[in-house]
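Reader: I am new to protein models and should like to learn how to read one. Could you guide me through an example?

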Amino acid sequence: TNQLSLWKYPSLAKIKDLDGHTSRVLHMATSPDGCTVVSAAADETLRFWDIFAPPGRTSGKRGPSDTTRTGSRKKLSKTMHIR
């Protein structure tokens, strides 16, 4: 239902569903450094998901959790409209 799912390998246990698109996801790619995933959907948006950043990284990217150490929730994605 218009989401990406993050799976643990090799156990194939689902870690998280990434919601955000309002139409089906058509394409997906990983950044060269392997930290960010971008998805393009039929709703004419691109979403940039910061899900593979190392935990100690200080450049503003986060790891797989969308909760910071203080417990506040932050968004895992940024949206860009294609049109």
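Author: The dialogue below goes from the overall fold to single residues. Please keep in mind that this is a predicted model.

Reader: How many helices and strands does the protein have?

Author: One begins by listing the secondary structure elements in order. Here there are 0 helices and 6 strands. Along the sequence the pattern reads β-β-β-β-β-β.

Reader: What share of the residues is buried?

Author: A residue is called buried when its relative accessible area is under 20%. In this protein, buried residues make up 25% of the 83 residues. The exposed surface of the protein comes to about 5,900 Å², and carbon and sulfur atoms supply 56% of it.

Reader: What share of the contacts comes from residues 24 or more positions apart?

Author: Here one considers the contacts in the protein with a separation of 6 or more; residues 24 or more positions apart account for 31% of them.

Reader: How do strands β3 and β4 run, and how many bridges join them?

Author: To read a strand pair, one looks at its direction, its bridges and the residues that face one another. Strand β3 covers residues 25–30 and strand β4 covers residues 36–41; the two run antiparallel and are joined by 5 bridges. V25 stands opposite A41 in β4. Together β3 and β4 form a hairpin, with 5 residues between them. In the turn, G34 has a positive phi of about 80°.

Reader: Which residues that are not glycine have a positive phi?

Author: Two cases may be discussed here. L12 is not a glycine, yet its phi is positive, at about 60°. E44 is not a glycine either, and its phi is about 65°. L12 lies in the loop between β1 and β2, whereas E44 is found in the loop between β4 and β5. E44 counts as partly exposed because its relative accessible area of 32% falls between the cut-offs of 20% and 50%.

Reader: Where is the cis peptide bond, and what is its omega?

Author: For a cis peptide bond, one names the two residues that the bond joins and gives the omega angle. In this model the bond joins Y9 and P10, with omega at about 10°. Y9 is found in the loop between β1 (3–8) and β2 (13–19). P10 has its place in the loop between β1 and β2.

Reader: Is Y9 buried or exposed?

Author: Y9 counts as exposed because its relative accessible area is 72%, and the cut-off for that class is over 50%. L12 is also classed as exposed, at 55% relative accessibility.

Reader: Which residues form the nonpolar patch on the surface?

Author: The patch consists of W7, Y9 and L12, and their accessible area together is about 430 Å².

Reader: What does I15 contact beyond its neighbours in sequence?

Author: In such a list, neighbours within four places in sequence are left aside; for I15 the contacts are then L6, W7 and K8. I15 lies in strand β2. The C-alpha atoms of I15 and S5 are separated by 7.6 Å, and these residues are 10 residues apart along the chain.

Reader: Is V37 buried or exposed, and what does V37 touch?

Author: V37, in strand β4, counts as buried because its relative accessibility is 7%. Not counting residues up to four places away in sequence, V37 touches M28, A29, T30, R47, F48, W49, I51 and F52. From V37 to R47, 10 residues along the chain, the C-alpha atoms are separated by 8.1 Å.

Reader: Which side chain makes a polar contact with the side chain of S39?

Author: For a polar contact, one names both partners and the distance. The side chains of S39 and W49 are joined by a polar contact of 2.9 Å. S39 lies in strand β4 and is buried, with a relative accessible area of 0%. Leaving aside neighbours within four places in sequence, the contacts of S39 include L4, H21, V25 and H27.

Reader: Is D50 buried or exposed, and what does the side chain of D50 contact?

Author: D50 lies in strand β5, which spans residues 45–50. D50 counts as buried because its relative accessibility is 7%. The side chain of D50 makes a polar contact of 3.3 Å with the side chain of T36.

Key. Residues are numbered from 1 along each chain as its sequence is written. This is a predicted model: local features need pLDDT of at least 70, side-chain atom pairs count only at pLDDT 80 or more; totals for chains, interfaces and linings use all residues. Side-chain values use heavy atoms; hydrogens and water are left out. Two strands pair if DSSP finds at least two bridges between them. Helices (H or I, at least four residues) and strands (E, at least two) are DSSP runs, numbered from the N terminus. Buried means under 20% relative accessible area, exposed over 50%, partly exposed in between (1.4 Å probe, protein chains only). Contact means heavy atoms within 4.5 Å. Accessible areas come from the Shrake-Rupley method with a 1.4 Å probe; for residues, only the protein chains shown count as cover. Patches are made of residues with over 30% relative accessible area and no salt bridge: like charges are joined within 9 Å, nonpolar side chains (Val, Leu, Ile, Met, Phe, Trp, Tyr) within 5 Å. A salt bridge is a side-chain nitrogen of Lys or Arg within 4 Å of a carboxyl oxygen of Asp or Glu. A polar contact is a pair of N or O atoms within 3.5 Å; within protein, one must be able to donate a hydrogen and the other to accept it, and residues adjacent in sequence count only if both atoms are side-chain atoms.
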